[in-house]
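Please look over the sequence and the model shown below before reading on. The report takes up helices, charges and selected distances in turn.

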Amino acid sequence: MANIKSARKRARQTEKKRLVNVARKSDLKTFTKKVLAAVEDNNAELARELFKVTESKIARAKGKGLLKGNTASRKISRLAKKVARLEGQASA
């Protein structure tokens, strides 16, 4: 543990931020799994709605520095492709 007052404060702030980041990352994973589950169940409408929410969460995580830009883009792209493929099957 740090001895200097400012170092103790920085340690407290870092721990708070770490907990926020863990929660945000967990939320991302949860919503991604929900989208994938909706795709597995061939529920295009639910998948589309969940994808919108998930896309915004991924973009926010990117903005907060939780995900790198290319990682966020890749995750969004892969999810979008799966949802679009499902919608293509539904209309055909």
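What follows is a report on a predicted model, arranged by topic.

## Helix 1 and the loop after it

Helix 1 has 36 residues, and from its first C-alpha to its last it reaches 53 Å, which is close to the 52 Å expected at 1.5 Å a residue. Within helix 1, the residues Leu-28, Phe-31, Val-35, Ala-38 and Val-39 are buried. Other positions of the helix are partly exposed: Val-22, which has its place in helix 1, has a relative accessible area of 46%, and Thr-32, also found in helix 1, has one of 23% and is likewise counted as partly exposed. The value for Thr-32 can be read against the cut-off for burial, which is under 20% relative accessible area.

Helix 1 is followed by Asn-42, a residue that lies in the loop between helix 1 and helix 2. The phi of Asn-42 is near 60 degrees, a positive value in a residue other than glycine. With a relative accessibility of 53%, Asn-42 counts as exposed, because exposed residues are those over 50%.

## Salt bridges

How many salt bridges does the structure hold? There are three salt bridges in the structure, and they are described here one by one. As background, side chains of opposite charge can pair when their charged atoms come close.

One of the salt bridges joins the side chains of Arg-18 and Glu-15, with an N to O distance of 2.9 Å. Both residues belong to helix 1, and because they are three residues apart there, about one helical turn separates them. In general, an α-helix has 3.6 residues a turn, so residues three or four places apart point the same way. Arg-18 is partly exposed at 42% relative accessibility, and Glu-15 is partly exposed at 37%.

A salt bridge also forms between the side chains of Lys-57 and Asp-27, where the N to O distance is 2.8 Å. Since Lys-57 lies in helix 2 (residues 44-63) and Asp-27 in helix 1, this pair ties together parts that are 30 residues apart in sequence. Lys-57 is partly exposed, with a relative accessible area of 27%, and Asp-27 is partly exposed at 29%. In the salt bridge of Arg-48 with Glu-87, the closest N and O atoms are 2.4 Å apart. Here Arg-48 lies in helix 2 and Glu-87 in helix 3, so the pair ties together parts that are 39 residues apart in sequence. Arg-48 counts as partly exposed at 38% relative accessibility, and Glu-87 counts as partly exposed at 27%.

## A patch of positive charge

On the surface, a patch of positive charge gathers Lys-25, Lys-29, Lys-33, Arg-74, Lys-75, Arg-78, Lys-81, Lys-82 and Arg-85. Which helix gives the most to the positive patch? Helix 3 does, with six residues, while helix 1 (5-40) and helix 3 (69-91) each supply at least two residues of the patch.

Arg-74, one of the residues in the patch, is found in helix 3. With 37% relative accessibility, Arg-74 counts as partly exposed. This value satisfies the accessibility condition for the patch, because its residues must have over 30% relative accessible area and no salt bridge.

## Selected distances between residues

Separation in sequence and separation in space can be set side by side for a few pairs. Val-22 and Leu-66 are 44 residues apart in sequence, and their C-alpha atoms lie 9.4 Å apart in space. For Thr-32 and Thr-54, which are 22 residues apart in sequence, the C-alpha to C-alpha distance is 6.5 Å.

Lys-68 and Asn-3 are 65 residues apart in sequence and 34 Å apart in space, again from C-alpha to C-alpha. Lys-68 lies in the loop between helix 2 and helix 3, where Lys-68 is exposed, with a relative accessible area of 68%.

Methods:
Residues are numbered from 1 along each chain as its sequence is written. This is a predicted model: local features need pLDDT of at least 70, side-chain atom pairs count only at pLDDT 80 or more; totals for chains, interfaces and linings use all residues. Side-chain values use heavy atoms; hydrogens and water are left out. Patches are made of residues with over 30% relative accessible area and no salt bridge: like charges are joined within 9 Å, nonpolar side chains (Val, Leu, Ile, Met, Phe, Trp, Tyr) within 5 Å. Accessible areas come from the Shrake-Rupley method with a 1.4 Å probe; for residues, only the protein chains shown count as cover. A salt bridge is a side-chain nitrogen of Lys or Arg within 4 Å of a carboxyl oxygen of Asp or Glu. Lys and Arg count as positive and Asp and Glu as negative; His and the chain ends are not counted. The place of a charge is taken as NZ of Lys, CZ of Arg, CG of Asp or CD of Glu. Helices (H or I, at least four residues) and strands (E, at least two) are DSSP runs, numbered from the N terminus. Buried means under 20% relative accessible area, exposed over 50%, partly exposed in between (1.4 Å probe, protein chains only). The expected span of a helix is 1.5 Å times one less than its number of residues.
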